[in-house]
Every structure is written in structure tokens, then in C-alpha cells.
Amino acid sequence: MSTTTTAPAAAPAPSRSGPRLSGLTWLVWRQHRAAFWTGLAITAASIACFAYQRANMMDYLTTIGWPHPKSPGWSTGFEIYDSRLSNTSSALGLLMPVLVGVFLGAPLIASDLEHGTGKLVTSQAMSRGRWLAMKLGMAVLVVTVCTAALSTAFGWWLGPVRKENKALYWLAGSATGPLPVALTLLTMVGGVAIGMVLRRTLLSMVVTFGFAVTVQLIWASYWLHLGRVVTVTTHDGVGEGTFPKLPEAAYDMEPSYLTGSGKLLDQGSCAVETEQAINSCLHEKDIVGWAVDYLPPSQLPPMLWTGSAILLALTAAVGVFIFWWGRKRLY
């Protein structure tokens with residue numbers, strides 16, 4: 001009598017819990033995982049650094065009796081923290097958009113077009129529109145998360161002292177809120193568009209660098225015009241103690257002389273050597289006081305949101321161009 005043995009059934013493979021990337025999502029992440037992970041790691045390290053710097057700053061402020069310093073010379077010891085805040089704001093507002101545009105935006109599509117990867121992917125029952133949407137959407141998501149986290153963390157670091165120094169309030173303050181996000185997205189999406197048109201990675205990176213720098217220069221020249229300027233005038237002469245008192249942390253423009261007829265004259269109008277000659281000039285030109293244009297500190301938040309809306313609208317327009325070009329002239 002023969003007996004047969006049945007091999008034991010193979011145990012089912014353990015299921016892996018948690019979300020898993022698959023298909024096109026997995027492919028895009030794998031293609032750009034080095035850039036994405038680098039951005040996330042730099043963001044985490046920067047936030048930890050901001051927290052450390054804020055703790056040090058708060059320790060110093062506590063020792064001087066903040067918010068009512070015991071010594072009038074407290075600002076001298078605060079210079080090192082002022083410098084760190086200013087340098088960090090420059091990195092977030094100026095350097096970060098350029099780096100993201102050059103090293104993420106420019107190669108995002110240009111690399112695939114240069115090496116034929118994009119044509120291979122879209123020939124495998126994958127539409128160009130879906131491929132572009134996934135590539136651009138994932139990059140936009142990562143950049144938005146990283147820049148929003150950095151902007152929020154920097155605003156938290158700056159918060160206790162932001163109104164104690166006009167330069168910190170206006171220059172460092174512009175590196176908080178939505179503006180770094182909008183500015184970085186514009187340079188990144190602009191880099192993607194440049195890469196699609198030029199189809200060469202290195203050339204696209206060089207041109208994107210020029211584009212990002214140009215955006216920065218234009219923004220630096222015009223963003224203050226987004227505010228509503230307030231003018232204050234005096235009629236008490238232009239001697240010592242006659243300059244008008246402005247609100248704390250107000251951004252004052254170049255002051256002008258005010259004449260009795262209401263005409264404004266440049267400060268250099270009476271730039272003569274002797275005090276007697278100056279007084280004679282002031283009398284001759286009928287200068288009766290000052291006229292000063294300034295931006296109240298309350299103007300900064302709406303200026304940042306208005307500027308961000310403009311930048312995001314430009315980003316959306318570039319995004320529309322990317323999909324139009326990609327669907328019609330990608331290959």
C-alpha cells in the first residue's frame with residue numbers, strides 16, 4: 001500500500017502595512033528621490049537650528065530683563081543675533097528660490113527629455129498630461145511643504161524681536177509668511193518650463209539661474225510699491241528736533257523739504273558748506289518743515305500676501321504653459 005505525502009502549503013507572505021507608492025508615483029519619486037530627500041533633510045536640520053538659535057536668543061533677552069531691558073546698551077549684545085536673523089532671512093528669501101529653481105526645477109523635465117526617459121514612459125500607455133502632472137505635482141508638493149515649514153519656523157524665531165529693529169521687521173519679516181513659498185514656486189516652475197523648451201539639463205540650469213536672479217532683482221525693486229504710503233508733514237522748520245516722529249518700525253522713504261507753498265524740495269537743495277549759508281538758503285527757498293513718506297508696520301502683512309498672490313498667479317500661468325507645451329510640442 002503506497003502512501004502519498006502532500007507538501008505543506010507555503011505560508012502567505014506577510015502583508016506590509018502602511019501606504020506604498022506604486023506605478024507612476026513610485027517612478028517619479030524614485031527618479032528624484034535624492035533631490036526630495038535632500039530638501040526634506042535640509043528643512044528638518046534648518047528647523048532644528050532655528051529652534052536652537054531662538055533658545056539662545058531668548059536666554060540673552062531674559063538676562064537683560066526683556067521686554068523692558070535693564071540697560072540702554074542691550075542692543076550692542078544683541079548684534080550677533082541680529083546678524084544671524086538677517087543672514088538667515090537672506091538665505092530664505094534670496095538663496096533658497098535660486099537653488100530650488102536651478103537644482104530641482106531645471107532638471108525635472110529636461111533630464112528626461114535629454115536621455116529619452118520621458119518618451120519611454122509616455123509610450124507605455126501613459127499620457128503626456130498625466131506624466132507632466134505627476135512630475136510637476138510631486139515637486140510642487142515637496143517644495144511647498146519645505147518652504148512653508150522653514151518660513152513658519154523662521155517667523156517663530158523672529159517673533160519676539162521683529163518690531164525692535166526696522167531692518168529686521170521689513171527685511172527679515174519678508175522671509176516669513178507666504179512669500180518664500182510663492183517666490184520659490186515661481187523659480188522652480190520657471191525652471192521646469194525652461195528645461196522643457198531647451199531640453200538640455202546643464203544649459204537649462206544656467207538659464208534658470210539667470211531667470212531666478214532676474215526675478216529676485218525685479219521683486220526687490222518693486223515690492224515696496226505694494227504698500228500704501230503715508231505722508232507726514234511738519235511746519236516747525238528743519239532744525240534739530242523738528243523731524244517728525246514716525247510709528248515704531250515704520251519704513252521711512254527719503255525725506256524732503258517742505259516749502260511754504262507746499263512744494264517739495266530734495267534735501268540736497270541747501271547742501272552748502274557753512275551754517276550761515278544753509279540758513280540763508282532755507283530762508284530764500286521758503287523751507288518751513290519736513291515731508292516724509294513712510295510705510296506703517298501694519299502694511300507689511302497685506303504687502304506680503306498681495307505680493308504672494310501676484311507671484312502665485314505668475315506661477316499658475318507658467319504651469320499652464322508647461323502643460324500646453326508638453327501636450328503639443330514635447331517630442
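This passage describes the confidence of a predicted model, the surroundings of one residue, and the two largest pockets.

The structure is a predicted model, in which local features need pLDDT of at least 70 and side-chain atom pairs count only at pLDDT 80 or more, while totals for chains, interfaces and linings use all residues. Residues are numbered from 1 along each chain as its sequence is written, and side-chain values use heavy atoms, with hydrogens and water left out.

The protein chain has a mean pLDDT (the predictor's confidence in each residue, from 0 to 100) of 83, and 88% of its residues reach 70 or more. Among the elements of the chain (helices, H or I, of at least four residues and strands, E, of at least two, taken as DSSP runs and numbered from the N terminus), the highest mean pLDDT, 94, belongs to helix H7 (residues 179-198), and the lowest, 60, to helix H4 (residues 117-122). The pLDDT is below 50 over residues 1-11, a stretch with zero contacts (heavy atoms within 4.5 Å) in the model beyond near neighbours in sequence. Residues 13-19 likewise stay under 50, and the model has zero contacts for them beyond four places in sequence.

Helix H7 contains Met188, which counts as buried because its relative accessibility is 0% (buried means under 20% relative accessible area, exposed over 50%, and partly exposed in between, with a 1.4 Å probe and protein chains only). Apart from neighbours within four places in sequence, Met188 is in contact with Val100, Gly101, Leu104, Gly105, Ala139, Val140 and Val143. The C-alpha atoms of Met188 and Ala106 are separated by 7.4 Å, although these residues are 82 residues apart along the chain.

Pockets were defined on a 1 Å grid over the protein atoms alone, as open sets of points where a 1.4 Å probe fits, with protein on both sides within 12 Å along at least five of seven lines, and lining residues have an atom within 4 Å of a point. The largest pocket holds about 550 Å³ of space, and of its 24 lining residues Gly39, Ile42, Met96, Leu99 and Val100 lie nearest its centre. Helix H1 (23-63), helix H3 (79-115) and helix H5 (128-158) are the elements that give two or more residues to this lining.

The second largest pocket, with about 300 Å³ of space, is lined by 14 residues, of which Gly93, Leu94, Leu171, Ser174 and Trp223 lie nearest its centre. H3, H7 and helix H8 (201-222) each supply at least two residues of this lining, and H3 gives the most, with four residues.

Terms used
Grid points are joined across faces, edges and corners, and a volume is the space filled by probe spheres set on the points.
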